[in-house]
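Visitor: Could you take me through one part of this structure slowly, namely the cysteines and any bond between them? I would like to follow each step.

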Amino acid sequence: MARVHPLLLLVAVLALAGVGCRGFEFHEATLDAIHLGFKNGSLTSTALVEFYLGQISRLNPLLGAVIEVNPDALRQAAQADAERLSSSGDGDDRSGGGLHGVPVLLKDNIGTRDRLNTTAGSLALLGSVVRRDAGVVARLRRAGAVVLGKANMDEWANFRSANPYVLSSPPCGSSTGPAIAAAANMAAVTLGTETDGSILCPSSLNSVVGIKPTVGLTSRAGVIPISPRQDTVGPICRTVADAVHVLDAIVGYDELDAVATRAGTKYIPEGGYTQFLKIDGLKGKRIGVPNGFFDFEDGTVRQMVYQQHLNTLRGNGAVVIENLDIANLDVIQNATVSGELAVLAAEFKIVLNAYLSDLSSSPVRSLAEIIAFNNAHPDEEMLKQFGQLIFLVSENTTGIGSVEKAAIKQLDDLTANGVEKVMKEHRLDAIVAPDSSSATVLAIAGLPGIAVPAGFDEQGAPFGITFGGLKGYEPRLIEIAYAFEQATKVRTPPMFKQ
């Protein structure tokens, strides 16, 4: 194929963006639809980015989902369109799959080596410069994705997010920005992070799909950290299929997160994860229903809907085993009694100080300096409203000593004698629980979970259902979640009710 001057390609791309996408349905567009649009000429990456930037401009004042848009997003989109044009007909068409030319919105603790900030919503980190892209971002860029911008972290940022379905309903957790943005069609796909509930909870309460991968399946390098034992990065999208496509793009070994990702790579199946998007994925699956989660009053919407969902699982071939006891569940769910809080506080200081010291430049270089910054800027950091007790507790720790080691052992024992024992004894493929109520059970051992839309309550606010499993159970969880999603098709676009 003859080479075409890049400037002429760019002019052609921009012209196509203005006139060639009128037949494409942008709202609720899936990755499959986007790929088809790229292939048949009804869509360009430039037009897609322009649509999402328009959505952000229109909806963000109401929803507070996005902290910052990428000033280079349109340039990246034009480059992707140019690559697609130049490769068509030469056997190197990259538009047929993956994330090439697809806009991705990142939670604001995921580092990017570009003109975007990486602050976790903290003014103390405004202007800090990372040395390199986070490991997952590097993989996204290699796949040709367009970095659209950074999403709000509701628990940290200086403005609050709103649920796009019922504005007064809490959106939940620190990955609220990605979940809200995905739900409200402000991005094609998004990435969140979880330590304990931060993907599963906002996904459940914003009617989107969130995958919390096994810890180590995705790199945490370049992500503002909390806990090396529990932190994980995963996709938040409108469909299970889209989330799985993103998962395929971001898993793998990273020498900058070597210990965790080396252990995680053994779980990655040959041929990737999309092969497990099976319409009959529930057939033969053994799904456990632990006691202590579905305790809803008879006759309520949630009670009736969840009971219907359990029947749907059975009707599609799953063996549903109810009334299972996870030993010491009350202890597991109490972060103070279990020891989780003590360990997280100590780990946070260690890993955050390491992250800050590795930055190319930063206004602050330690947790102590962040605390001092917040004290010096109480109005901007909204100390009166939110305080910084977690920071103060963490700063007062002195490393992983005998207390923390004992707590880690207790957490391991709680898992071994709890969810692991139940799943092995009953040969379960998954446990099922409402919303993110099982998040801590999964979090303390780095176990995976997938949240899927389940319904809407009396006020119209969404709720979800989470399928969780043992390490490396992503293939069977994907089969279950996809088949459940296709059997129920609960998700509807947001209504923006007051």
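**The cysteines, step by step**

Guide: In this predicted model, a search that covers the whole structure finds one disulfide. A disulfide is a covalent bond between the sulfur atoms of two cysteines. Here the partners are Cys-172 and Cys-201, whose sulfur atoms lie 1.7 Å apart, and since a pair counts as a disulfide when the sulfur atoms are within 2.5 Å, Cys-172 and Cys-201 form one. The pair links distant parts of the chain, for Cys-172 and Cys-201 are 29 residues apart: Cys-172 sits in the loop between strand E3 (146-151) and helix H6 (176-183), while Cys-201 belongs to helix H7, which covers residues 200-205. If you look along the bond itself, the link of Cys-172 and Cys-201 has 110° about the S-S bond and is right-handed. As for their surroundings, both Cys-172 and Cys-201 are buried.

Now turn to Cys-237, and ask why its sulfur has no bond to the closest cysteine sulfur. The closest cysteine sulfur is the one in Cys-201, and because it is 18 Å from the sulfur of Cys-237, that is too far for a bond. Cys-237 is also buried, because its relative accessible area is 0%, and buried means under 20%. To gather the picture, then, Cys-172 and Cys-201 are joined by a disulfide, whereas the sulfur of Cys-237 lies too far from the closest cysteine sulfur for a bond.

Methods: Residues are numbered from 1 along each chain as its sequence is written. This is a predicted model: local features need pLDDT of at least 70, side-chain atom pairs count only at pLDDT 80 or more; totals for chains, interfaces and linings use all residues. Side-chain values use heavy atoms; hydrogens and water are left out. Helices (H or I, at least four residues) and strands (E, at least two) are DSSP runs, numbered from the N terminus. Buried means under 20% relative accessible area, exposed over 50%, partly exposed in between (1.4 Å probe, protein chains only).
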